[in-house]
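The following exercises concern a single protein chain. Please examine the sequence and the structure before attempting them.

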Amino acid sequence: MSEGGDSFGFAPPPFDAEAALVQLRRSLRDLRLTERGSGFEMRGKRVLEVALEEGVLSVRVARRLMNTPEWDEQVLRSAADQRKLIEEVKRRLERWVRED
């Protein structure tokens with residue numbers, strides 16, 4: 001064992017926004033959302049918009065399932081941010097299905 005304490009100190013891989021966008025699109029389609037342009041819809045209503053900006057992903061997620069929704073904005077800078085977004089989208093989808 002080393003005495004330096006850095007035996008587990010490794011940096012996560014750098015965030016590749018383009019690859020993350022491909023993976024995010026795939027995950028959202030797996031949730032049965034329909035891709036239209038730069039956004040995703042559920043039953044013809046826009047629920048998420050995503051844009052690639054300067055090495056990060058800018059995302060807007062609808063608060064409620066409506067024709068003209070209010071948006072929550074997020075910036076994805078890491079794989080952890082991406083996982084959190086997918087979990088949040090899953091929760092909102094479940095809530096919207098229950099509300100209908």
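Three exercises with worked solutions follow, all based on a predicted model.

**Exercise 1.** Determine the secondary structure content of the protein chain and the order of its elements.

*Solution.* Begin with the count: the protein chain contains 2 helices and 5 strands. Next, follow the sequence, along which these elements appear in the pattern α-β-β-β-β-β-α.

**Exercise 2.** Describe the overall dimensions of the protein chain, its radius of gyration against that of a compact globule, and its burial.

*Solution.* First, take the C-alpha trace, which spans about 60 × 30 × 25 Å along its principal axes. Second, consider the radius of gyration: the value is 17 Å, whereas a compact globule of 100 residues would have one near 13 Å. Third, apply the cut-off for burial, under 20% relative accessible area; buried residues then form 32% of the 100 residues. Fourth, turn to the surface: about 7,100 Å² is exposed, with 48% of it supplied by carbon and sulfur atoms. Finally, among contacts with a separation of 6 or more, 41% come from residues 24 or more positions apart.

**Exercise 3.** Locate Pro14 relative to helix H1, and decide whether Pro14 is buried or exposed.

*Solution.* Start from the sequence: Pro14 belongs to the segment that precedes helix H1 (17-30). Then compare areas: Pro14 has a relative accessible area of 76%, and exposed means over 50%. Pro14 is therefore classed as exposed. As a last step, relate Pro14 to Leu93: the two are separated by 79 residues in sequence and by 30 Å in space, C-alpha to C-alpha.

Notes: Residues are numbered from 1 along each chain as its sequence is written. This is a predicted model: local features need pLDDT of at least 70, side-chain atom pairs count only at pLDDT 80 or more; totals for chains, interfaces and linings use all residues. Side-chain values use heavy atoms; hydrogens and water are left out. Helices (H or I, at least four residues) and strands (E, at least two) are DSSP runs, numbered from the N terminus. The radius of gyration is taken over C-alpha atoms; the globule rule is 2.2 Å times the number of residues to the power 0.38. Buried means under 20% relative accessible area, exposed over 50%, partly exposed in between (1.4 Å probe, protein chains only). Contact means heavy atoms within 4.5 Å. Accessible areas come from the Shrake-Rupley method with a 1.4 Å probe; for residues, only the protein chains shown count as cover.
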